[in-house]
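Colleague: I would like a close look at the charged side chains of this model, and at whatever you can place around them. Please take your time and state the cut-offs as you go.

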Amino acid sequence: EREHVRRRPTARLDAYLLYLEWQRTREDWDDRDSQYASLDPLRRAIERDPAFVEARAAYAYELALMGMIYDGAEAYLAEAVVNADEALRLDPSSADA
């Protein structure tokens, strides 16, 4: 458990800064398009570090939320499941995954 606490979420500073940007702006949306656009920092963080579990899990969560709110849920939920599964595969002990 101590090792998990000491583990850095990502070795890529640019990916971590994008994750923080998403956290800071995650509720700055008022419709489907602006909510989906608000996920861009998470998508970019995952592109920079595909093993960034916290970013991948947050992306999956937000997509699942969109799937529950908006029409076209299947697409959002399918992408959410892919990312959630990958987060769990990368770190099965992660509380975020």
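What relative accessible area does Asp-14 have, and is Asp-14 buried, partly exposed or exposed?

Modeller: Asp-14 has a relative accessible area of 27%, and is therefore partly exposed (buried is under 20%, exposed over 50%, partly exposed in between, with a 1.4 Å probe and protein chains only). Please keep in mind that this is a predicted model, in which local features need pLDDT of at least 70 and side-chain atom pairs count only at pLDDT 80 or more, while totals for chains, interfaces and linings use all residues. Residues are numbered from 1 along each chain as its sequence is written, and side-chain values use heavy atoms, with hydrogens and water left out.

Asp-14 is held in a salt bridge with Arg-12, where the closest N and O atoms are 2.6 Å apart (the rule asks for a side-chain nitrogen of Lys or Arg within 4 Å of a carboxyl oxygen of Asp or Glu). Arg-12, at a relative accessible area of 37%, is likewise partly exposed. By the rule just given, the model contains four salt bridges, and two others can be placed in helices (DSSP runs of H or I, at least four residues, numbered from the N terminus).

One of these is in helix H4, residues 40–48, where Arg-44 and Asp-40 lie four residues apart, about one turn of the helix. Their side chains meet in a salt bridge with an N to O distance of 2.9 Å. Arg-44 is partly exposed, with a relative accessible area of 28%, and for Asp-40 the value of 28% again puts the residue in the partly exposed class.

Another salt bridge is formed by the side chains of Glu-86 and Arg-89, at 2.6 Å from N to O, and here both partners belong to helix H6, residues 73–90, at a spacing of three residues, about one turn of the helix. Glu-86 counts as partly exposed because its relative accessibility is 23%, whereas Arg-89, with a relative accessible area of 56%, is exposed. Returning to Asp-14, salt bridges with shared partners join Arg-12, Asp-14 and Arg-48 into one network.

For a charged residue in another setting, turn to Glu-62 in helix H5, residues 53–69. The relative accessible area of Glu-62 is 3%, so this residue is buried. If residues up to four places away in sequence are not counted, Glu-62 touches Trp-22, Arg-26, Gln-35 and Leu-39 (contact means heavy atoms within 4.5 Å).

Trp-22, one of those contacts of Glu-62, is itself buried, because its relative accessibility is 4%. Trp-22 also leads into the aromatic residues: a search of the whole structure finds five aromatic pairs (rings of Phe, Tyr and Trp, the last by its six-membered ring, with centres within 6.5 Å; planes under 30 degrees apart are stacked, over 60 edge-to-face, the rest tilted). Among them is the tilted pair of Tyr-19 and Trp-22, with 5.8 Å centre to centre and 35° between the planes. Both residues of this pair lie in helix H2, three residues apart, about one turn of the helix, and Tyr-19 is buried as well, with a relative accessible area of 12%. Tyr-16, Tyr-19, Trp-22 and Phe-52 form one aromatic cluster, so that buried Glu-62 touches a member of that cluster in Trp-22.
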